[in-house]
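Work through the exercises below with the sequence and the model open beside you. Try each task before you read its solution.

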Amino acid sequence: MSDPLPDAAARDLRRAAEAEAAALPALLIAAEHLANTMQMGGHGRRRAGAGEEFWQYRPAHSGDAARFVDWRRSARSDTQFIREREAQLAQSLCLWVDPAASMRFTGAETGRKARPEKLSRARLLALALAISALRAGERVGLTSPLAPPRPGKAQLLTLAQALLAETSALDYAAPDLSAVAPQARVVVLSDFFTDPAGLETVLSGAAGRGVSGVLLQVLDPAEEEFPYDGRTVFTSMAGGLRFETREAGDLRARYRARLAERRDHLARIARQSGWAFASHHTGAPAQAALLWLHGALGGGWR
Amino acid sequence: MMVLGPLGFTAPWLLAGLIALPLLWWLLRATPPAPIRRRFPGVALLLGLTDATVQAERTPWWLLALRMLALAAAIIGFAGPVLHPAKLDPARGPLLILEDGSWASAASWPRRIERLTRALTEAAAAGRPVALISLADPPPAPPPFTEARDLLASLPGLQPQAWEPSIDLDPARLLPDGSYDTLWLSDGLDRTSRAALARAVQAHGRLKVWQPAGPVLALDAATVDGARLNLPLHASAPVNRVVEVAALGADPSGLERELARQPVTLRDQAQAEAVFDLPPELRNRITRFEISGLRSAGAVSLTDDAQKRRKVALIAPGSAREGLELLSPTHYLHQALAPSADLIEATLADALPVKPDVIILADVGEVAETADLLAWVERGGMLIRFAGPRLAAAGTGDDPLLPVRLRQGGRSVGGTMSWGAPRKLAPFAETSPFAGLILPDEVTVREQVLAEPDPDLGARSIAALADGTPLVTRKALGQGAVVLFHVTANAEWSNLPLSGLFPQMLDRLSVSARPAAPSAEDLAGQTFTPRKRLDGFGLLTASEAAAGVKGADLAEGPPGPDLPPGLYATTDQVLALNALPRGRQLAPALWPAGVTLEGETAPKQRPLAGLALALALVALLLDILATLALSGRLRGPRAAAVAALAVLLLPSPPQAQTMPESRAIEAAANVVFASVPTGDATIDAVSMAGLRGLGQTLTRRTTVEPSAPMQLDLETDDLALFTLIYWPVTETAPTPSPAAYTKLNRYLRGGGMILFDTRDADLAGMGAATGAGRRLQALAAPLDIPPLEPLPADHVLTRSFYLLQTMPGRHDGPIWVEAAPADAEQAEGMPFRNLNDGVTPVVIGGNDWASAWAVDEVGQPMFPVGRGQAGERQREIAARFGVNLVMHVLTGNYKSDQVHVPALLERLGQ
């Protein structure tokens, strides 16, 4: 007769490991699936430069190295031609997914209309964006120094691992864009319940370094509609904030007014810094948000 | 037990818990409903908001009240509340129970027995000895006190009597000695003996009286007012209601049924009258009146000769001398009979077809229609003849219509040409119907016809003159009688018709009706034998042999143990003695002060603990809902569940009881057979398969192509749409509702046919030997089924399609159909009788036809019939019976008409 405990412990460990291991491909597959629905545009810069696509033949000038002459073209005429390629500049795309506890909220955990957590929706969107950007040859990374922008499919796994690893015990978090290289594009996915003043500072600093990007507010429909009644004690996800009301239903209008006000504020500071801002609900399909993200960033890698 | 007004508590100390309610109020007020804790990231936006409604952080008052109610209800419920608690009698010592036991008690008898049982049970529990006295039927000596249990066992033997307690009850002889309490179950009527008895009883101990609420109703004897019958209705106290009085009597077939019904509206009246104005035929059939819905001898008024109105034919000799009214032979008869009888004055030939009860021939010598008249008398008619010059001259040798042979000429006494004074009458003999009538002195006879001496003369003479010559003679003839008055019916020969004795004599002969309330004088000298007696509940039962009762006693005495109410009769007369004595004025009983009066109105004891606890439970459930709603938890699926529950609890509207239209169309579109469900799925399936098989047989062999059979729903289906109903009878077959029976009867009257099948090979022989047979009797009892007979060999069923001798199914037993009329005769040279028209409404048998007909889906027989070739032959005959049956239903007696074919052919040949 064997001791059951080691068996049970081993079983638990293995189950946890399998779940961890399974999450990554699932996220990747879901993100890839999502990205597949996107038709990526051309990446050329519409000028000659370093790249892979043919751009034009031009007569060779003096000073052109002989190895640049396209001899096959030149043989059909008297002059030498240089084969120019279209300049293809890789763009750096930096992703920031709010890792705070508030993102782990979902208004409907189970049931027929179960919704994912805001965090998983945000990760999905980020990774799907990363996939499409990487396919387009862009360099994609995180804003943190852990995963600097790099091109190539291998980067995808790194990104996924980094996104999954990044969690925070804090209630709310603000992005830190100090490590983002100048001229990079940044995608910030958060619920933006944190103090907007900090965000404003971050954005203005980023704008100063030529960093632009988009803010996507990921909200649960429950946070939008506030469908609560009666005597309720609201606590933040990590328990840092606490608010008690005797009639939650009475607060609904005022809460929604405040939410709208917050949204206006965010849109304003985004506009001031040349950023784009939008909201996405986890109740809606992720594709719409991805399309919007793509469109908002589209100019960047087109 | 503690008693508060109408409420009592079995565990009153639990009510102390109610003191805790204010404490609970205070506690609950301080504790608001627990909040829900929700994790919500948006709390950052909520910070700083304040609640709009400034509400104390306390439980809302209505929730508080609800909870208090729940708790209070629970406390009260556990304290065992009882509404109208029965007051337990703490008394000890012997208990005497007096029961009036009169007809007035009968109406409330079950409640009395219940009260008696309660009293005896309580006494038995307390170990008190009990004595029980029924005042209407008092014991000869004071009863001893015995075990209450023994009395309890003998309680079913206690019955109300049809009379009231005697007015001269002697308390000393009735009541036991010693000290005891008394419970008196009064019938609520006042009577003279009551006060003395109450005093006597109170001398022994406490007296408690139980009496029913509401006045006592009674019917008095009917009185005749011309063609109308008046029934006085008495109540012991003014009442305000409508009382229905029903007249019951024999219908033409001899069964007792209700003949008329009259509502009497009492508006705070204690007296009223029901007036029946009925045709004489109906009126003479009435045997009793009763207040419908009241089981009491007092509510029954029996009728007798007094209420009958006879048809009397007065036949006068040929040519009446005009203008001499007072000399007319029938004038005095007319005067005497007109108030109480329907007179027919016509010739004998015209009068006989009217079937009068009595025919009076006044001085008619020769009767032309002797044979007819004789036949009429022998069938029960009464012929009364009066003498006169013509009869005296006729010289009647052996006239059968005379009780005695008459000497030609008669005699005259005391006239101007004769010696002697006019003769007086001799006192009537004991055996005479006139016995007891008082002879007025002035009645004399001057002239009479004389009877030839005869051995029977003495026996036939029922009245004689002082010198012994017969005055009235009578002879029984068949069921009737012939009576001869040896004098004229007018004052020519004697002054008898002028005296008061004349109508009395006619009355005794049941020619004229007696006054409704005969005096002792009217009935004197007669002995009545009890024919039927009335029990306390108002039912007439045949009386066991009992001694005769003197007429005078009948006329005077109130009913009692020696004179039970009922019907009394002599050979000529029937006299009814009603439970309500004549002249009895009903009044409510009055009790002396100091008597505990226990009204029957006292509501029954009702434990309320269940109600209170249920209330507490409901309040708690409401509290759950209210708390959920208050704390915002009643939303989403919970709210949906609550709403669904509320919808479920709402009463659903009743389903309409009509046949679905599609089904009706299907049934009406073609010939459709139906089977009545028995509740046994196997038998029902066999029935359907059998009807299907019969349908296939019919389709193959005849032009009848029925649709698929249907299972009948007696409650909703319109039966008229079905050609034939097959009704398998099982022991457990459910009984249709009265409405369904109405429909079935209409179906039978409208030419439908029901084939009853007891499926027991007719072992019962239409009797109760098998369960199915008994069930068949019970099921068919409310149906209008005509007299039945075993299928006669020439019934049209035997030849309506195939020629058949037997009607087998799986069994081969006899079947029963409607009986042929008694006058069905076999015509000369015809093989069949000329039977009744129409279709027999029922065919009853036990041959299990459905099993023989039953086929499965592919048309193969489902059940074996008999063995081998003979069995297959039997199945074939069974199928042929089915074909014949359907043909009979569809074509009626068409084949029966074939008997006329030879005659028609013969006529055509000419």
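**Exercise 1: strand 26 of chain B and its partners**

B:Thr529 stands opposite B:Ala569, a residue of strand 29 of chain B. The structure is a predicted model.

Task: find which strands of chain B pair with strand 26 (residues 527–534), and in which sense, starting with strand 29.

Solution.
Step 1. Strand 29 covers residues 566–569, and 4 bridges join it to strand 26 of chain B. The two run antiparallel.
Step 2. Move to B:Thr527, whose bridge partner is B:Lys550 in strand 28 of chain B. Strand 28 (residues 549–550) pairs with strand 26 of chain B over 2 bridges, in the antiparallel sense.
Step 3. Now take B:Arg533, which stands opposite B:Thr541 in strand 27 of chain B. Here 3 bridges link strand 26 to strand 27 (residues 540–542) of chain B, again in the antiparallel sense.
Step 4. Strands 26 and 27 of chain B form a hairpin with 5 residues between the strands. In this hairpin, B:Gly538 has a positive phi near 90°.

**Exercise 2: an open sheet in chain B**

Task: state the strand order of the open sheet of 7 strands in chain B, and explain why one side of strand 16 and of strand 23 has no neighbour in the sheet.

Solution.
Step 1. The order is 16-15-17-18-25-24-23, and the pairing is mixed.
Step 2. Strand 16 (341–345) and strand 23 (461–464) of chain B are at the edges. Each has a single partner strand, so one side of each lacks a neighbour in the sheet.
Step 3. Neighbouring strands of the sheet are turned against each other by 15° on average, with direction ignored.
Step 4. Look at one edge in detail: strand 23 of chain B pairs with strand 24 (residues 470–477) of chain B over 3 bridges, in the antiparallel sense. There, B:Ser461 stands opposite B:Thr473 of strand 24.
Step 5. Helix 12 (residues 370–378) of chain B lies across strand 18 (382–386), strand 24 and strand 25 (480–485) of chain B. Helix 12 runs at about 115° to strand 25 of chain B.

**Exercise 3: the two sides of a helix**

Task: decide where the buried residues of helix 8 (residues 192–204) of chain B lie around the helix.

Solution.
Step 1. List the buried residues of helix 8 of chain B: B:Arg194, B:Leu197, B:Ala198 and B:Val201.
Step 2. These residues cover an arc of only 105° around the axis, which means that they are on the same side of helix 8 of chain B.
Step 3. A general rule helps here: an α-helix has 3.6 residues a turn, so residues three or four places apart point the same way.
Step 4. On the other side of helix 8 of chain B, the exposed residues are B:Thr192, B:Arg199 and B:Ala203.
Step 5. The cover over the buried residues of helix 8 of chain B includes helix 7 (171–174), strand 7 (181–185) and strand 8 (207–211) of chain B.

**Exercise 4: two residues with positive phi**

Task: locate A:Phe192 and B:Lys355, and say whether each is buried or exposed.

Solution.
Step 1. As background, most residues other than glycine have a negative phi.
Step 2. A:Phe192 has a positive phi, near 55°. It is in the loop between strand 5 (185–190) and helix 5 (196–208) of chain A.
Step 3. A:Phe192 counts as buried because it has 25 C-beta neighbours inside 10 Å; the cut-off is 20 or more.
Step 4. B:Lys355 also has a positive phi near 55°. Its loop is the one between helix 11 (348–351) and strand 17 (358–362) of chain B.
Step 5. B:Lys355 is exposed because 11 other C-beta atoms lie within 10 Å; the cut-off is 12 or fewer.

**Exercise 5: where the chains meet**

Task: describe the side of chain B that touches chain A.

Solution.
Step 1. Count the residues: 26 of chain B are in contact with 30 of chain A.
Step 2. Strand 3 (36–39) and helix 2 (43–46) of chain B each supply at least two residues of this side.
Step 3. By class, this side of chain B has 14 nonpolar, 5 polar and 7 charged residues.
Step 4. Strand 7 (residues 232–235) of chain A runs parallel to strand 3 of chain B, and 4 bridges join them. The bridge partner of A:Thr232 is B:Ile36.
Step 5. Note the confidence: the predictor gives the complex an ipTM of 0.73 and a pTM of 0.47.

Definitions and conventions. Residues numbered from 1 in each chain as written. Chains lettered and ligands numbered in written order. Predicted model: local features only at pLDDT ≥ 70, side-chain atom pairs only at ≥ 80, totals over all residues. Contact = placed C-beta atoms within 7 Å. Nonpolar A, V, L, I, M, F, W, Y, C, P; charged D, E, K, R; others polar. Pairing = 2+ DSSP bridges. Axes fitted to C-alpha atoms, helices over the stretch in contact; angles between N-to-C directions. Arc of directions from axis to C-beta.
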